[in-house]
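Grab a viewer and work through these exercises one at a time. Try each task before you read its solution.

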Amino acid sequence: MTAGAAAAQGSERRHEAAVPTAGSIAYRAAYAICALGIAVATAVSPRDNAGFLLGTFAGERIVRGHAIPLHFGNETFTAAGAFDGGVGWLGGLATYALSLAGPAVSIFATALAAVATFAFVEARARRLAGRPLALAAAALAFLCAISSLGVAGGIVTAAFVSILAYVLERPGPRAALVATLLTVVWCNTSAAGVLAPAIALCMAATSTFGGTPYERRWARVAVAGTLLAIFATPALWAYPALALEGLRIDRTVGVVPENPIDVAPLAYHIGFLLVVLAAFAVGARRGRESSIPLLLCAALLALANGAYVVVFGVLAAPILAASAAEAFPALAGSMTASMRTDFVAGAFAVVLAGIAAWQAGRSGAPLADGYALAASLAADGRSHRLYCSNVDWCDAALPFAPNIRVFMDGRIAPYPDAVREAKRDVAFGDVHWKERLSERNVDTVIVAKGRLLSGLVGLSPRWRVVASDGTALLYERGAAPR
Amino acid sequence: MKYAWLVIGVAAARCFTVAIAFPPGDGDLWWQRWLGAQILRTHVVPRSLGSEAFSAPYAPWVPQEWLFGIAAYFGRSGAGWDVFAGACAVAAIAALGLACVHAVRRGASAVAVAFCAVFASIALFESFGVRAQVVAWPLLALFLFLLDVDGPWCYAAVAVAAVWSNWHASAMLAPVVAAGYALGSALDEGRVGPRTRRLAFVAVLAAFAICLNPFGWDLPRYALGLFNNPIKSYISEWKVTDIDDLSFTFGSLPLMLIAIALGTREGASGIRNEYRWRDLCLLGAFGFLALSAARNINIFAIVALPIVAPALTRRIRFFAREEPRPPTTLDRAASWALPAVALGFAVVVSWQLVGKVPRQPNLATAPLAALAKIPGEHDIFCSDFAWCSLALGVPNERVFLDGRADPFPRAVWEDFEDVTYLRPDWRAILERRGVNTIVVQRDKPLDQALAIVGGWHVAYADKDFRLWLRSDSAGHS
């Protein structure tokens with residue numbers, strides 16, 4: 001290490017020491033109250049059934065087979081044997097374990113992930129901008145997460161992003177090592193792990209423009225480490241391609257919703273717009289221009305798939321806090337020492353958490369209906385080939401293979417294009433929808449009530465309703481009319 | 001500004017091409033022409049639907065585009081069409097040009113203005129057409145330009161608001177923007193100075209000015225009602241903006257991202273942005289609108305260009321203004337040559353198009369023409385409601401729902417959706433509403449359903465459309 005680098009590192013350490021770590025008692029109290037608010041919000045948020053069911057199915061397959069399956073099994077009749085590389089196997093195991101442990105443990109684990117997410121957002125913002133703005137950053141990130149707080153939601157991805165960003169912000173040998181190991185775990189947990197090198201690259205750009213030679217060197221090492229880490233999964237070289245498709249940012253419209261307004265309406269309307277407004281106000285201030293790539297890439301990711309609005313919030317909030325600290329030094333400086341301010345910030349966060357919890361609980365209500373119908377098919381003991389207008393509903397039928405086999409489920413990436421196209425044709429009531437189903441011998445369909453396909457199937461004499469619930473209808477095909 | 005002329009030239013050529021050779025396929029022009037004809041015939045602007053809408057006869061209506069309707073009537077064919085459609089192209093280009101001039105006045109460099117103008121012109125492309133809202137674009141740009149004028153000319157914005165309100169209900173934005181600007185000015189100056197007072201006064205006057213039209217207070221009331229109007233969910237233009245909208249992704253989004261990255265406060269050398277809070281008010285309000293509905297993508301670009309270009313000039317060295325120097329002969333020549341090239345380019349392209357027969361894309365003209373020849377009373381349901389605009393004014397034809405859209409009650413929209421989505425009571429609705437004629441796109445679900453259920457027969461079919469008549473209706477032998 002050169003003398004200059006050592007001096008710079010020493011200066012960094014002095015800076016770290018100067019920043020209060022847990023500040024006053026008031027700050028700790030506010031912090032605890034925020035954590036409590038986050039926990040409450042997590043508890044009332046609806047479970048992400050698609051993520052939970054797929055994770056449980058994957059975990060159960062691993063436990064039963066004592067191996068990580070790399071291909072689709074016979075649970076699907078359109079893509080049996082398709083290579084899926086076991087993407088997200090570790091996450092699957094964890095979800096399966098949580099499903100066995102019961103809902104209380106699942107909620108607790110999710111709340112823990114949420115608290116870790118916002119704690120690292122706060123910590124990152126605190127060392128950039130001081131305490132009151134750090135709490136504000138956490139609140140802002142929280143607003144971007146309110147659609148992702150349910151069990152098996154996007155909060156685990158947010159936790160990985162938050163920790164990785166915190167680690168990478170101060171490049172060094174330890175940061176590079178931790179980032180690499182974290183990426184290995186993340187890539188084995190979910191497809192979103194493929195984001196790690198991109199985040200590392202954006203943050204390395206920060207060091208390139210504004211860091212010391214020592215920081216630049218280790219930032220590059222971190223990029224290389226995270227880049228290599230994404231191949232440390234059972235899918236090996238195939239992981240990046242499979243994972244990128246798994247991010248669902250390729251606009252496969254008609255198969256699954258991706259627009260923020262469909263995926264995370266509340267987080268988009270409140271959190272995303274607030275972050276954009278805050279960015280208009282403070283932007284990336286002087287000396288913070290180097291954070292622009294990270295800010296913009298995160299915004300594009302959120303717009304491409306609403307599931308990543310939470311990632312945008314987690315990455316953008318500390319940057320904006322830093323800019324705000326520069327734009328309003330009084331806020332960052334004098335208010336840091338004020339106990340009253342800390343209390344106000346904490347109370348504000350709790351109020352926000354309460355509102356968000358109420359809203360999140362309200363918006364996520366009618367979800368389980370199609371899933372219940374898919375799961376109920378197993379009860380008749382017969383074999384079925386099932387088509388679901390919402391592919392996620394078919395996730396509930398996966399455990400019942402080979403009796404029930406599905407046209408397409410929520411693991412969209414490995415399904416061939418022809419299957420996706422057929423899925424869309426049927427969902428939109430294309431003139432060939434009957435042929436698409438009959439050429440694959442589909443005998444049961446679950447369709448959303450009040451949609452085109454439901455009307456068309458209902459008019460067809462060969463199909464009859466065998467079950468229905470609040471939002472979906474289960475049709476079964478009878479014998480061909482003579 | 002000099003480089004921006006090239007962008008404006010390309011945009012002008014594109015706008016003239018689209019306007020003259022490719023009239024819009026949404027059917028609005030047909031009801032607007034019909035409205036214009038009604039006004040010219042009766043010398044009264046109608047305030048309710050007539051018996052031509054059998055689902056909601058005499059429902060109250062604020063035909064906000066009345067002046068555009070008259071223009072559309074005069075420009076319905078031949079040279080009139082060329083002038084009318086060309087005027088719409090001029091309006092779009094004027095909006096872009098005004099925004100560029102505004103940016104220059106705010107201190108943007110030529111390179112920064114041209115750079116931002118590229119994105120702004122892309123943002124205008126997708127929603128550009130021979131449409132009333134296009135006429136509102138230059139009025140918005142002019143209104144914003146005048147708000148920035150530090151002197152009595154600022155009051156001309158009030159007159160702009162009054163004119164604007166006779167073309168489009170988006171004039172409702174005028175007092176809101178002026179009020180936001182007044183607030184921003186107070187924050188920028190740290191006091192309520194003469195400029196703030198003037199802007200506040202403009203806001204108050206603009207609130208009255210937008211009532212200077214045949215509808216008076218009903219226009220702003222109508223515009224405010226649109227915020228909570230459920231029919232927005234049936235109209236694609238009102239859908240929430242997403243990254244699939246090319247105008248957004250390659251037009252407004254880059255401007256938005258630059259604004260996000262640079263903020264509104266100060267420059268690289270610490271130069272204070274004297275418009276800081278005013279910019280924030282505008283970007284915040286129009287950014288919210290742009291992210292909320294696809295129809296606002298273009299107006300965000302018009303608003304953002306004069307803010308983002310100066311910010312780029314202040315913050316990025318590449319875009320910084322050149323040191324002032326005496327103009328060379330080349331500079332003088334360029335200042336005339338570049339606009340001339342732009343103008344020439346646009347004129348040549350449009351000249352090539354004048355006289356060409358306009359195409360009629362995706363409108364059910366053929367089945368409706370066939371229907372006009374079938375005797376009997378026809379109560380028509382169009383699976384795309386805008387097609388039914390073509391049936392307005394045709395004897396013996398009445399429509400369930402047409403492109404006027406706004407005045408139709410919610411119940412009519414719900415019935416429309418139930419039928420198009422084939423919900424369980426769709427046949428009962430057609431029966432109850434007395435629909436005896438349906439125009440539908442071939443092979444679409446409603447077309448398939450009519451073939452299955454019986455009681456309907458095909459009176460006309462081509463590769464795109466089918467015309468179904470109820471088997472017991474008049475005209476069926």
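**Exercise 1. Is L236(A) buried or exposed, and what is odd about its backbone?**

Start with the neighbour count: L236(A) has 10 C-beta neighbours inside 10 Å. The cut-off for exposed is 12 or fewer, so L236(A) counts as exposed. Next, place it in the chain: L236(A) sits in the loop between α10 (213-229) and α11 (239-246) of chain A. Finally, check the backbone: phi is positive, about 50°, although L236(A) is not a glycine. Keep in mind that this is a predicted model.

**Exercise 2. Treat H43(B) the same way: where is it, and is it buried or exposed?**

First find the loop between α2 (28-42) and α3 (66-74) of chain B, which holds H43(B). Then count: 7 other C-beta atoms lie within 10 Å, so H43(B) is exposed. Last, read off phi, which is near 60°, a positive value in a residue other than glycine.

**Exercise 3. Which peptide bond leading into P402(A) is cis, and where is P402(A)?**

Look at omega for the bond from A401(A) to P402(A): it is near 5°, which is cis. Now locate the proline. P402(A) lies in the loop between β1 (384-388) and β2 (404-406) of chain A.

**Exercise 4. What is the strand order of the five-stranded open sheet in chain B, and which strands stand at its edges?**

Build the sheet pair by pair.

- Take β1 (residues 378-382) and β3 (residues 437-441) of chain B: they pair in the parallel sense over three bridges. One spot to check is C382(B), whose bridge partner in β3(B) is V439(B).
- Move on to β4 (residues 456-461) and β5 (residues 465-470) of chain B, which are antiparallel and joined by five bridges. Here V458(B) stands opposite W468(B), and a hairpin through three residues links β4(B) to β5(B).
- Put it together: the order is β2-β1-β3-β5-β4 (chain B), with mixed pairing.
- Read off the edges: β2 (397-399) and β4 of chain B each have a single partner strand, so one side of each is left without a neighbour in the sheet.
- For the twist, neighbouring strands of this sheet are turned by 30° against each other on average, direction ignored.

One more piece goes on top of the drawing: helix α18 (residues 445-453) of chain B lies across β3, β4 and β5 of chain B, at about 130° to β3(B).

**Exercise 5. How do the two domains of chain B meet?**

Get the bounds from the domain assignment: domain 1 of chain B is 4-350 and domain 2 is 365-470. Their C-alpha centres lie 36 Å apart. At the boundary, 20 residues of domain 1 of chain B are in contact with 25 residues of domain 2 of chain B. The domain 1 side divides into 14 nonpolar, three polar and three charged residues.

**Exercise 6. Which element gives the largest share of the side of chain A that touches chain B?**

Begin with the totals: 30 residues of chain A are in contact with 29 of chain B. Elements giving two or more residues to the chain A side are α13 (265-282), α14 (292-304), α15 (309-327) and α21 (452-459) of chain A. The largest share, seven residues, comes from α13(A). By type, the chain A side divides into 20 nonpolar, six polar and four charged residues. As for confidence, the predictor gives the complex an ipTM of 0.80 and a pTM of 0.83.

Note on methods: Residues are numbered from 1 along each chain as its sequence is written. Chains are lettered from A and ligands numbered from 1 in the order in which they are written. This is a predicted model: local features need pLDDT of at least 70, side-chain atom pairs count only at pLDDT 80 or more; totals for chains, interfaces and linings use all residues. Domain bounds come from an automatic or database domain assignment. Two residues are in contact if their C-beta atoms, placed from the backbone, lie within 7 Å. Ala, Val, Leu, Ile, Met, Phe, Trp, Tyr, Cys and Pro count as nonpolar, Asp, Glu, Lys and Arg as charged, and the others, Gly among them, as polar. Two strands pair if DSSP finds at least two bridges between them. Helices (H or I, at least four residues) and strands (E, at least two) are DSSP runs, numbered from the N terminus. Axes are lines fitted to C-alpha atoms, for helices over the stretch in contact, and angles run from 0 to 180 degrees between N-to-C directions. A residue is buried if 20 or more other C-beta atoms lie within 10 Å of its own, exposed if 12 or fewer, and partly exposed in between; C-beta atoms are placed from the backbone.
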